Amino acid sequence: MHHFFYKDGELFCEDVSLKKIASEVGTPCYIYSHATLTHHFRVFDGSFDAVPHIICFAVKANSNIGVLHVLGKLGAGADIVSGGELYRARKAGIPADRIVYSGVGKTIEEIDYALGEGILMFNIESSQELKVINERAGALGTKAPIAIRVNPDVDPRTHPYISTGMKKNKFGIDVDLALEEYRRAMELEHVEIVGVDCHIGSQLTELPPFVDALRRLKVLIERLHDIGISIRYLDLGGGLGIPYSDEKPPHPSEYAEALLHELKGVPYTLIFEPGRVIAGNAGILLTRILYIKETPLKKFLIVDAAMNDLIRPSLYGAYHHIQPVEIDGSRGEEIVDIVGPICETSDFLARDRKLQKCNSGEYLAVMSAGAYGFTMSSNYNSRPRAAEVLVKGDKYEVVRQRESWEDLVRLERIPTF
Ligand code: LLP
């Protein structure tokens, strides 16, 4: 569900014409819908109304502070994986006691920052990290609230680059070794065990892997109980998929039903870390056709957005629906490759795609780009990063300016030698 639709043949975001944004802000440009973000958050949150829960939005999916602020006002917490994400979440007004911190490589500087802010909990990913967090909490005269991120060894049946809960992945602590790790944590003076955590992967389109993981966690929680550990939080991570093309992922209410059925009477607060399902279909990447080029084999639409703006097609072979901002049924369709200006063959947004016949100068909308779009963008080929716009009703605001050429070299210097 989203709020990008045609009115009289022209694509709008809520009540704002995309052509208007393109002419005033320029392209390439990310555009997010306030109404879609709000709807998605409320639906997900509302699906767990029956039990105590906190929805910690995965900041990595979309870290613009304008977007985080919208979600924070709806009651979202944050799932962070770096000091930078903590900084953004706090800047956006998300309270520290609704922030969970995952990630296999937390540095001392980041740990100290999070301890100082008083976050809800650290999701521990290794024995060494547990030791360091205990030491840092001791040094700062505080106690670190922790959960162990358990690697339950389930196959999420998603793209291998985004599966995280299998034995061969770098994430979490093996489910069979977790009990031992909790025992060690019990002995530590400066940590307080508050939870159990897991996150098995992203863009999951089926429920069984989530349920399998939960079953394994339940066994662990029982064992913890036997050794005198009772937890306050069960963090089940993120991962629920969205329809990019013809996938049919479960609705958040079906996801909730499956998990709550398995949990029956939950004596702790559930935490979820959704990213994509909240932001994915709430954003598009707007781009302009620069040139049309025909070779003996192909027709290329060369657009002003590239793999540096949206890397998902190049990196994962991901599908993003692409539609013209103005539709004209009389023009007919053709098969094209939609490519960017970057000097790599992997710089494509779509290949062999059926699209309405278009002319240079016209605009295209790359759909479902609100998650892992801007956040994964780079300056490759010294391309300034795109602007980001948030639309609400008939208003829009630029929530991140387009970078300039000057910005590209701002932190660099020519050495004195
Ligand atoms: N929690 C943790 C610990 C995570 O690592 C992730 C995503 C999430 C939550 C949120 O997952 P979501 O609900 O968004 O599926 N760049 C890839 C996705 C990488 C996901 C990494 N972790 C992509 O563009 O598909």
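In the predicted model described here, strands E20 (residues 387-392) and E21 (residues 395-400) pair in the antiparallel sense over 5 bridges. Within this pairing, Leu390 stands opposite Glu397 of E21. The two strands form a hairpin with 2 residues between them, and in this hairpin Gly393 takes a positive phi near 60 degrees. The loop that lies between E19 and E20 contains Ser382, a residue that is not a glycine but nevertheless has a positive phi of about 50 degrees. Ser382 counts as exposed, because its relative accessibility is 52%. A further positive phi in a residue other than glycine, near 50 degrees, is found at Asp352, and in this case the residue belongs to a strand, E18 (residues 348-356).

Strand E19, which spans residues 363-366, is covered on both of its faces: Tyr363 and Ala365 are buried on one side, and Leu364 and Val366 are buried on the other. Two pairings of this strand may be described. With strand E14 (residues 283-294), E19 pairs in the antiparallel sense over 4 bridges, and here Leu286 stands opposite Ala365. With strand E16 (residues 322-324), E19 is joined by 3 bridges, and these two strands likewise run antiparallel; in this pairing, Ile322 stands opposite Val366. Ala365 and Val366, the E19 residues named in these pairings, are thus found on opposite faces of the strand, each of them buried.

Strand E9 (residues 144-151) is likewise covered on both faces, with Ala144, Ile146, Ile148 and Val150 buried on one side and Pro145, Ala147, Arg149 and Asn151 buried on the other. Since 8 of the 8 residues of E9 are buried, the strand is largely enclosed by the rest of the structure. The buried residues of E9 include Arg149 and Asn151, which lie on the side that also carries Pro145 and Ala147. E9 is joined to strand E8 (residues 121-124) by 3 bridges, and the two strands run parallel. In this pairing, Asn123 stands opposite Ala147 of E9. As a general matter, strands of a sheet pair through backbone hydrogen bonds, in either a parallel or an antiparallel arrangement.

Toward the start of the chain, 3 strands form an open sheet in the order E1-E2-E3, in which the pairing is antiparallel. Strands E1 (4-7) and E3 (16-17) stand at the edges of this sheet and have a single partner strand each, so one side of each is left without a neighbour in the sheet. Between strand E2 (residues 10-13) and E3 there are 2 bridges, and these strands run antiparallel; the bridge partner of Cys13 in E3 is Val16. A cis peptide bond is present between Thr27 and Pro28, with omega at about -5 degrees. Pro28 is placed in the loop that lies between helix H1 (18-25) and strand E4 (29-33).

Helix H2 (residues 34-47) packs with helix H9 (residues 252-263) at an angle of about 20 degrees, the axes of the two helices being 8 Å apart. As angles under 35 degrees count as roughly parallel, H2 and H9 are therefore roughly parallel to each other, and their crossing is right-handed. The contact is made by Val43, Phe44 and Ser47 from H2, together with Pro252, Ser253, Tyr255, Ala256 and Leu260 from H9. Classified by residue type, this contact of H2 with H9 comprises 6 nonpolar and 2 polar residues, with no charged residues.

Packing of H2 with a further helix, H3 (residues 65-73), involves axes that come within 10 Å and cross at roughly 40 degrees, which makes H2 oblique to H3. H2 passes H3 in a right-handed crossing. On the H2 side, the contact is made by His34, Leu37, Thr38 and Phe41, and on the H3 side by Val67, Val70 and Leu71. By class, this contact of H2 with H3 has 5 nonpolar and 2 polar residues, and again no charged residues.

Key:
Residues are numbered from 1 along each chain as its sequence is written. This is a predicted model: local features need pLDDT of at least 70, side-chain atom pairs count only at pLDDT 80 or more; totals for chains, interfaces and linings use all residues. Side-chain values use heavy atoms; hydrogens and water are left out. Axes are lines fitted to C-alpha atoms, for helices over the stretch in contact, and angles run from 0 to 180 degrees between N-to-C directions. Angles under 35 degrees count as roughly parallel, over 145 as roughly antiparallel, 65 to 115 as roughly perpendicular and the rest as oblique. A crossing is left-handed if the near helix is turned anticlockwise from the far one by less than a right angle, and right-handed if clockwise. Contact means heavy atoms within 4.5 Å. Ala, Val, Leu, Ile, Met, Phe, Trp, Tyr, Cys and Pro count as nonpolar, Asp, Glu, Lys and Arg as charged, and the others, Gly among them, as polar. Buried means under 20% relative accessible area, exposed over 50%, partly exposed in between (1.4 Å probe, protein chains only). Two strands pair if DSSP finds at least two bridges between them.
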